[in-house]
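Subject: Handover of a structure for your review

Dear colleague,

Please find below the sequence and structure that I am passing on to you. My findings follow directly after them.

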Amino acid sequence: MAQDLAHKRPWLLASLLAGLSFPATWLFLPIEGGLFAIIWKMAAVGFLVPFALRRHHEGEFALLALTLGLYALGDGLIELSMVAGAVSFAAGHLVAIAIYFRHRRVGAVFSQKLLAIGLFVLTPVIAFYLPGNSEEGVQVAAYSVILGAMAAMAWSSNFPRYRVGVGAVFFVISDLLIFARLGPLANSEITSLAIWYLYYFGVLMIAIGIAQTLVKRGHFPHGEE
């Protein structure tokens, strides 16, 4: 299976290797100021950019690649400045929202609409109370409005919910854990591991779900990705 993946989707395999192994760098590389560790971290999602652009460089594939690129950039910037990282992630969310808006689900049932509304409303509300500091709460809530909108639009899109929708929810949970680490989970050792893997697999599910769905719908002119 690994050989088949390496042959057909080498960038996806590279992303998996970087994403799964990144927490190991915490044992022997200092993330603060450690350039190699930051590059390793950025590579996990960064390798998904050429995966999205493997044979097509226009339309939704270009937007997907831009989204992933902004997320990867945010992975690096956040180690240098929380604000700079948040700006990059927010920009990525806005591009993702544009993709989901172009692929809105028609005839969503009430429960699906309710969950989308819940994601949009509750994400910034929960984020506000997690840091335990009102000033930080306002800052993370402002960012979380865009985060919640991204997740709500992903859930409301016609992409597969159990890949793209759930992936977006994983992203939300990961960010909420980051905010909680500013407050009640400040001394939790396992939180960092949960944050990374929820985030990475969330983005991975989004990338694969969107790319494969676009291929099946004929947006990809050269066959299966």
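Helices here are DSSP runs of H or I with at least four residues, numbered from the N terminus. On that basis, Ala52 belongs to helix α5, which covers residues 48-52. Please note that this is a predicted model.

Overall architecture

The protein contains 11 helices and 0 strands. Read from the N terminus, its elements run α-α-α-α-α-α-α-α-α-α-α. Of the 225 residues in the protein, 46% are buried. Where contacts link residues at least 6 apart in sequence, 71% of them join residues at least 24 apart. The exposed area of the protein comes to about 11100 Å², and carbon and sulfur atoms supply 70% of that area.

The nonpolar surface patch

A nonpolar patch on the surface is formed by Ile117, Phe120, Val121, Leu122, Val125, Ile126, Phe128, Tyr129, Val138 and Val145. Together these residues have about 890 Å² of accessible area. Two elements, α8 (110-129) and α9 (134-156), give two or more residues to the patch. The greatest contribution is that of α8, with 8 residues. Ile117 is one of the patch residues and is found in helix α8.

Ser144 in helix α9

Helix α9 also holds Ser144. Ser144 has a relative accessible area of 0% and therefore counts as buried, the cut-off being under 20%. Its side chain reaches the backbone oxygen of Val140 at 2.7 Å. Not counting residues up to four places away in sequence, Ser144 touches Thr123, Pro124, Ala127 and Phe179.

Asp75 and Leu70 in helix α6

Which residue supplies the nearest side chain of opposite charge to Asp75? Asp75 is found in helix α6, residues 59-77. The residue in question is Lys41, at 4.7 Å. A salt bridge requires a side-chain nitrogen of Lys or Arg within 4 Å of a carboxyl oxygen of Asp or Glu, and Asp75, although buried, has no salt bridge. The side chain of Asp75 does make a polar contact of 2.8 Å with the side chain of Tyr199. Leaving aside neighbours within four places in sequence, Asp75 is in contact with Lys41, Met42, Val45, Phe89 and Tyr199.

Leu70 lies in helix α6 as well. Why does Leu70 count as buried? Leu70 does so because its relative accessibility is 18%, and the cut-off is under 20%. With residues up to four places away in sequence set aside, Leu70 touches Ser88, Phe89, Ala91, Gly92 and Val95. Phe89 thus appears in the contacts of Leu70 and in those of Asp75. The C-alpha atoms of Leu70 and Gly46 are separated by 8.9 Å, and these two residues are 24 apart along the chain.

Ala52 in helix α5

To return to Ala52, this residue is buried, with a relative accessible area of 1%. Beyond its neighbours within four places in sequence, Ala52 is in contact with Phe61, Leu64, Ala65 and Leu68. For Ala65, which is 13 residues from Ala52 along the chain, the separation between the two C-alpha atoms is 5.6 Å.

With kind regards

Definitions and conventions
Residues numbered from 1 in each chain as written. Predicted model: local features only at pLDDT ≥ 70, side-chain atom pairs only at ≥ 80, totals over all residues. Heavy atoms only, no water. Buried < 20%, exposed > 50% of the residue type's maximum accessible area, 1.4 Å probe, protein only. Contact = heavy atoms within 4.5 Å. Areas by Shrake-Rupley, 256 points an atom, 1.4 Å probe, with all protein chains shown as cover. Patch = residues over 30% accessible without salt bridge, like charges linked within 9 Å, V, L, I, M, F, W, Y side chains within 5 Å. Lys, Arg positive; Asp, Glu negative; His and termini not counted. Polar contact = N/O pair within 3.5 Å; in protein donor to acceptor, adjacent residues only side chain to side chain.
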